[in-house]
Structures are given as structure tokens and as C-alpha cells.
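Trainee: I should like to examine how the terms used for this model follow from their definitions. May we go through them one at a time?

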Amino acid sequence: MGFELKEATVKGAELVLNKLKTKQIAMLTVDTGGGKTYISLHTIGQIVPNANIIVFGPKAKTTDGDWEESTASYNEVMGTNMRVTVYNYEKLDNDKFFKTLMSDYNYESADTVLIMDEAHRLKTPTGVRATRITKFSKQPAILARILLTATPITNSYMDAISYLIMAGFYKNKSDFTKTHVKFWDKHHQPVVRDKAGNIDRNLFNLPDLIDEELDTFVVNFDVSELKPPTETIDYRFDLSKEEQKEYNKIYKDYKNGMYEHIQAARKAMFDYINDHSQQKLDKISEIIKTTDKPVIIFYLHNVALYDILDYFEKVHPDYTIEQMNGHVTGKKRVTKKPSNPKTIRLVQYQAGAEGWNAQW
């Protein structure tokens, strides 16, 4: 899908640009599918049309080609000449790579914009990746820094420390905790929840100050109204009485010592459910017959994958099956639009949790 200058892109870029004018850093928080890539590119295109863009993100971003394709499309439509290089965060663990990276961008002509995609991967402030990318972001060649995420602060203010350090408000984690943490538990962990178990901002010193600091560079962009409509239909499949009895017996066998540990019993339960999932498989057949577009099926355990593969081989041999999981990695990883509309893409939850687009 090529670039189109939409109202949401213009508005989002305007908000990000306003933050960059004062802090040279902005964090764009937008839901998945909210157009963060093009918002970022349009922001950069207005700052330096011939920018050198460095993107760090999950491994998926180095294989799906999304940033490269989006940048090329934006350049073609808007007449810019931006270049993009994409690295995965794991590269920061490599001492030689990091040393070379620091050397390559140690020059005074600031023409490079650093983008941290899925920036929540950096929320551990003492981690190697967070500390190194913070150090790299201060190289003289870096003109601006943009962080992208749908989940910036999922728990307490402790999740924001890396971002606040990068924005220059604190030297390190100790600096933040010394200023803001009121209480420590017996494990020397900051107390962030009240007695009811709820996150409580008032367990921090000066919570209003933290909010003010975050407000200087965080952009919360609501795109919910711009997303296409979706429909959710839940189906429940029950075991027969005899099957339920056999399923319950697995737990009884565990209690009687027939399994070495609870994990083995749980696996036996998962296996049993998937081996008695004909209703589910028949419903999948019913669903795919209602569309002429590719279908994505998410699954959790390998046993579910094998049951689905076996079913399609027997019942729907005319469908193309593609996988996105730990069995298919690297260049074989499937992220592009399927050429055959009668395609089933099987995606393992963890492998397909983030970092890929399915606009089709």
C-alpha cells in the first residue's frame, strides 16, 4: 500500500514536530495500525528532506522490509530523498558493532534521525540495549530521536525511567529512584502498589513533576476513529460428557503421581483438547468459505499447529499454507501480502506479537 498524505498523518506529524522543536526527542504513542511509520517519515521529511534515518526495532523489522518500502514510497510521493537503515535491538549486544556505530556517527553535521520502534523493548534502564542506545542517541550526528510504541508505560512510573533518562531529566536509574521512590520492600524493590494491589502514583515523590517531564516529549495520538470497523464473534466448543470425563482424568492422574510435574500434566491437557477439536476445525472451514481474502489464524502451542496443518492437508489441499513461527525464521519469514488469495497464514502468538503489518 503506497503512501497517501492523509489528515491523520499531517496531524500526528505536527504533534511530534512540536515536541522535537524544544527537546529534540519525541515519543509517539499510538495504537497498533495507527500509521506510526508514515507519521514519523512525514515528521522527518519536514525537518530534513534528505535525512539519514537509523531505525532500531524487533527482529521482524529487519526482515519485513516495511521501513524500506514505506520510505521509498514517501520519497516518491513527497519528493524527498531520505535513506533508511534498519537494525534489530539485539545488535546492540555486540561490542564490535556498537563501537563501529559510535565511530560512524561521531561527526558534527547533524543529518541523522534515530527511530526506536517498539520502544517499550528499552524500558529496562540498566539493560545493555537501553544504555547503549541512549549513549548513541547523544552522538553529534543525531539530529533528533523518535520513540514509537503502543505501550509506553504499562505499569508504574518505573517503566518510564529509560525514556526520561534519554530525554535528559535524569542521569541514571539511581538518580530517578533517589528523587521519586518513597518506599522499598524487603527485596529492595520500589513499592508502587497500594494495599489493594493497585498501581498508585502517590507512592512516588513529586508525581506531578514526572507527568510534566513526560509531557515535554510524549505524544498520545488517538487514532481509534480512523481504524476500519471490526467485528468480534466468539465461539464456544464443549467436550462431550465422555470426553470431559477423560480430560478430567488427566488432572486426577497428576494428583496420583502419574506425571512428574504440573507442566507435563498441562501439556497432556493441551494435547487432549487439540486432539478433540473437530468442532473448531469445522468452524474454521466455515469461516474461510465466507471470504475471498487471505486468512490469519493465531495459535499458541505446536500441537494446535500440527492439527491445523493436518486438517488442511486432508480437507483443503487447494489452500496455500504459510507459517510465521519459530520453525520459519530469517529470510523465510513470511510478512508480505500473499500472492494467492486462498492463503492461510498460521501465526504463533509470540512470533507474531509485534513488528509486522498485514494491511491486506
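Mentor: Let us begin with lysine 123, which counts as partly exposed at 27% relative accessibility. The model is predicted, so local features need pLDDT of at least 70 and side-chain atom pairs count only at pLDDT 80 or more, while totals for chains, interfaces and linings use all residues. Residues are numbered from 1 along each chain as its sequence is written, and side-chain values use heavy atoms, with hydrogens and water left out.

Trainee: Why is lysine 123 called partly exposed?

Mentor: Buried means under 20% relative accessible area and exposed over 50%, with partly exposed in between (1.4 Å probe, protein chains only). Lysine 123 has 27%, so the middle class applies.

Trainee: What makes the contact of lysine 123 with aspartate 159 a salt bridge?

Mentor: The term requires a side-chain nitrogen of Lys or Arg within 4 Å of a carboxyl oxygen of Asp or Glu. For lysine 123 and aspartate 159 the N to O distance is 3.8 Å, so the criterion is met. Lysine 123 lies in the loop between strand E4 (112-116) and helix H5 (128-137), and aspartate 159 in the loop between strand E5 (142-149) and helix H6 (161-166), so the pair ties together parts 36 residues apart in sequence. Helices (H or I, at least four residues) and strands (E, at least two) are DSSP runs, numbered from the N terminus. Aspartate 159 has a relative accessible area of 10% and is therefore buried.

Trainee: How do you know that arginine 236 and aspartate 238 form a salt bridge?

Mentor: Their side chains meet at 2.8 Å, N to O. Arginine 236 is exposed at 71%, whereas aspartate 238 is partly exposed at 44%. The whole structure contains 14 salt bridges.

Trainee: What separates lysine 249 from aspartate 253 along helix H9?

Mentor: They are 4 residues apart in helix H9 (residues 241-255), about one helical turn. An α-helix has 3.6 residues a turn, so residues three or four places apart point the same way. The closest N and O atoms of lysine 249 and aspartate 253 are 3.2 Å apart, and the pair forms a salt bridge. Lysine 249 is partly exposed at 45%, and aspartate 253 is buried at 12%.

Trainee: How do you know that the span of helix H3 is close to the expected one?

Mentor: The expected span is 1.5 Å times one less than the number of residues. Helix H3 (residues 66-78) has 13 residues and reaches 18 Å from its first C-alpha to its last, close to the 18 Å expected. Its buried residues include Trp67 and Tyr74. Just after H3, glycine 79 takes a positive phi of about 75°.

Trainee: What makes E4 and E5 paired strands?

Mentor: Two strands pair if DSSP finds at least two bridges between them. E4 and E5 run parallel and are joined by 5 bridges, so they qualify. One example is valine 113, whose bridge partner in E5 is alanine 144.

Trainee: Why do E3 and E6 count as edges of the sheet?

Mentor: The open sheet has 6 strands in the order E3-E2-E4-E5-E1-E6, with parallel pairing. E3 and strand E6 (218-220) each have a single partner strand, so one side of each is left without a neighbour in the sheet.
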